[in-house]
Amino acid sequence: AWIKITMAKVKIDKESCIGCGACESLCPEAFKMKDGKAEFKGKGNEKCLKDAADSCPVNAISIK
Ligand code: F3S
């Protein structure tokens, strides 16, 4: 069977990030907090990434 692999591009705007932590709680596989800002861990499934981006109060996460 074929397995589809999707690599989303993720960008965190660290200037806008206010450290709310929603991204980490919703998608801990992809985001971790460091020095009060979100950091991308370089992986994460698309749904979870999207949930995190949608939930960021300052829209600091962009996905394409
Ligand atoms: Fe920052 Fe938004 Fe995550 S404010 S900590 S990128 S939910």
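In this predicted model, lysine 41 is in contact with Pro28, Glu29, Ala30, Phe31 and Lys32, its neighbours within four places in sequence being left aside. Lysine 41 belongs to the loop between β3 and α2. With a relative accessible area of 39%, lysine 41 is classed as partly exposed, because this value falls between the limits of 20% for buried and 50% for exposed residues. The C-alpha atoms of lysine 41 and glycine 19 lie 16 Å apart in space, and the two residues are separated by 22 residues in sequence.

Two of the residues contacted by lysine 41, Pro28 and Phe31, also appear among the contacts of cysteine 23. Leaving aside neighbours within four places in sequence, cysteine 23 is in contact with Pro28, Phe31, Ala38, Ala52 and Ile61. The largest nonpolar core comprises 15 residues, and those that touch the most other members are Cys23, Cys27, Phe31, Ala52 and Ile61. Helix α2, which spans residues 46–55, gives the most to this core, contributing four residues. In soluble globular proteins, nonpolar side chains tend to be buried together.

The ligand is surrounded by Cys17, Ile18, Gly19, Cys20, Gly21, Ala22, Cys23, Met33, Ala38, Cys56, Val58 and Ile61. By class, this shell consists of 10 nonpolar and two polar residues, with no charged residues. The space taken by the ligand is the largest cavity. Cys23 and Ile61 thus recur in the description of the model: both belong to the shell around the ligand, and both are listed among the core residues that touch the most other members. Ala38, a further residue of the ligand shell, is one of the contacts of cysteine 23.

Cysteine 56, likewise part of the ligand surroundings, is found in the loop between α2 and β4. Cysteine 56 has a relative accessible area of 13% and is therefore buried, the cut-off being under 20%. Its C-alpha atom is separated by 34 Å from that of tryptophan 2, a residue 54 positions away along the chain. Asparagine 59 occupies the loop between α2 and β4 (61–63). In contrast to the buried cysteine 56, asparagine 59 is exposed, with a relative accessible area of 59%. The phi angle of asparagine 59 is near 50°, a positive value in a residue other than glycine.

Aspartate 35 also has a phi angle near 50°, again positive in a residue other than glycine. This residue is placed in the loop between β2 (31–34) and β3 (37–40). Aspartate 35 is exposed, its relative accessible area being 75%.

Within helix α2, two residues illustrate opposite accessibility classes. Alanine 53 is located in this helix and is buried, with a relative accessible area of 11%. Beyond its neighbours within four places in sequence, alanine 53 is in contact with Asn59, Ile61 and Ile63. Among these partners, Asn59 is the exposed loop residue described above, and Ile61 is a member of the largest nonpolar core. The C-alpha atoms of alanine 53 and isoleucine 5 are separated by 20 Å, the residues being 48 apart along the chain. Lysine 47 is likewise placed in helix α2, but is exposed, with a relative accessible area of 57%. Between lysine 47 and proline 57, 10 residues apart in sequence, the C-alpha to C-alpha distance is 18 Å.

Notes:
Residues are numbered from 1 along each chain as its sequence is written. This is a predicted model: local features need pLDDT of at least 70, side-chain atom pairs count only at pLDDT 80 or more; totals for chains, interfaces and linings use all residues. Side-chain values use heavy atoms; hydrogens and water are left out. A residue is near a molecule or strand if one of its heavy atoms lies within 4 Å of it. On a 1 Å grid over the protein atoms alone, a cavity is a set of points where a 1.4 Å probe fits but cannot get out, and a pocket is an open set with protein on both sides within 12 Å along at least five of seven lines; lining residues have an atom within 4 Å of a point. A molecule sits in a cavity or pocket if more than half of its atoms lie within 2 Å of its grid points. Ala, Val, Leu, Ile, Met, Phe, Trp, Tyr, Cys and Pro count as nonpolar, Asp, Glu, Lys and Arg as charged, and the others, Gly among them, as polar. A nonpolar core is a set of buried Ala, Val, Leu, Ile, Met, Phe, Trp, Tyr and Cys residues joined through side-chain atoms within 4.5 Å. Buried means under 20% relative accessible area, exposed over 50%, partly exposed in between (1.4 Å probe, protein chains only). Contact means heavy atoms within 4.5 Å.
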